[in-house]
Amino acid sequence: MLQNRKVVLASRPDGNPKEDNFRIETGEAAEPGPGEMLVRVRAISMEPAIRGWLDDNDKNYFEPIPIGGTLMALSMGQVVKSNLEGYDPGDFVRGLMGWEDYTIVNADTVLLTKLDIAADMPLTYYVGVLGGSGQTPIVGLDVIGRMKPGETVVMSAAVGAVGHIGAQYAKHKGCRVVGIAGGPEKCRIALDEMGYDAVIDYKSTDDLDAAIREACPEGVDIYYDNVGGPTLDAMFNNMNTFGRIVCCGMIAGYNRADDPPPLYNAWQIVTRELELKGFLLYSYGEHLDAALETNIDGLRSGWLNYRENKMVGIANAPRLFCELMSGRTVGKSVLEMDLPERAD
């Protein structure tokens, strides 16, 4: 039997997650039943949204992970055994999978996709720039933001997994792009490496509302919101009439589910006739192939500078996730599994 290491939830975090909220267990890999396949996980995407699945409440779009339950994330891997029509051993697939060496996948697995791996692209890219966090900003800006050349786009979490890709895409499409980031080093990266026209350091200003107004004197047409909380609240006062707010994430509140940050300026949604829409990527499946091709083109032609924050080995999964949730990381956090190159 194949041995399987997995990361399980040992205790529920109180605020910021800590490494001792998780533990690694070893056992035998499951055998796939009818309509299932066994997949060897190759790369795991670290997502801030996972934090919400660790709380025991009904406020999220997935059921809470139980104590002792295996952590889940958008991951990619290679089929080892298949009882699922259309999938054969050796195929590469992506979908919501466990933080484990071997995972069971079926036709109902969220975002299940068979992957055509490009020879010039690392496997980890398929849970990053060529995966959900790469497709999300493209879909958000095009489909929900209806982005047009010449508009002003503001991106919070400016050098995060979604933000740094979305900003470069907006620049590529002819927009003026302003970022919001925390700390001088992140602001430097945004300006020097990601091509932002201006960046606001929210940690160094006492008046975020005024700082946004200074950076965006003609107002904001699209705000791509990755953080919620005080940043979203300040943006309400700086949107142009008929502006669009793309709600992708609210990391400002992920570690404080029982005491979420208040919004004081929401009346501006009415007075400025704003559109504010949240979205989950798996509801926009018809747009994913085009978003993937956009980012492959960006990587190959050079307009997209992708930053990957990678660790190797399942033992590092808790540390990588905790670092992500601390706000210290730049780019996309991914875990590369420490297994052989190909499935047996």
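Residues count as buried under 20% relative accessible area, as exposed over 50%, and as partly exposed in between. The model described here is predicted.

Two cysteines were examined against this scale. Cys 248 has a relative accessibility of 25%, so this residue counts as partly exposed. Cys 216 is buried, with a relative accessible area of 3%. Neither environment comes with a sulfur partner. A disulfide requires two cysteine sulfur atoms within 2.5 Å. For Cys 248, the closest cysteine sulfur belongs to Cys 247 and lies 9.1 Å away, which is too far for a bond. For Cys 216, the closest is that of Cys 175, at 12 Å, again too far for a bond. The count of disulfides in the model is 0.

The strands considered next form an open sheet. Six strands make up this sheet, in the order 10-9-8-11-12-13, and their pairing is parallel. Strand 10 (198-201) and strand 13 (275-278) occupy the edges. Each has a single partner strand, so one side of each lacks a neighbour in the sheet. From one strand to the next, the twist averages 15°. Within the sheet, strand 11 (residues 220-225) pairs with strand 12 (residues 239-247) in the parallel sense, over 5 bridges. Ile 222 stands opposite Arg 244 of strand 12.

Helices pack against these strands. Helix 2 lies across strand 8 (152-156), strand 11, strand 12 and strand 13. The direction of helix 2 is at about 145° to strand 11. Helix 4 (residues 184-192) also packs on the sheet, where it touches strand 9 (176-181) and strand 10. The direction of helix 4 makes about 170° with that of strand 10.

Helix 2 has a helical partner as well. Two packed helices are described by the angle and the distance between their axes. The axes of helix 2 (residues 132-144) and helix 8 (residues 288-301) come within 9 Å. They cross at roughly 110°. Helix 2 is therefore roughly perpendicular to helix 8. On the helix 2 side, the contact involves Gly 134, Gln 135, Ile 138 and Val 139. Helix 8 contributes Leu 288, Ala 291, Leu 292, Thr 294 and Asn 295. By class, this contact of helix 2 with helix 8 holds 5 nonpolar and 4 polar residues, with no charged residues.

Conventions: Residues are numbered from 1 along each chain as its sequence is written. This is a predicted model: local features need pLDDT of at least 70, side-chain atom pairs count only at pLDDT 80 or more; totals for chains, interfaces and linings use all residues. Side-chain values use heavy atoms; hydrogens and water are left out. Buried means under 20% relative accessible area, exposed over 50%, partly exposed in between (1.4 Å probe, protein chains only). Axes are lines fitted to C-alpha atoms, for helices over the stretch in contact, and angles run from 0 to 180 degrees between N-to-C directions. Helices (H or I, at least four residues) and strands (E, at least two) are DSSP runs, numbered from the N terminus. Angles under 35 degrees count as roughly parallel, over 145 as roughly antiparallel, 65 to 115 as roughly perpendicular and the rest as oblique. Contact means heavy atoms within 4.5 Å. Ala, Val, Leu, Ile, Met, Phe, Trp, Tyr, Cys and Pro count as nonpolar, Asp, Glu, Lys and Arg as charged, and the others, Gly among them, as polar. Two strands pair if DSSP finds at least two bridges between them.
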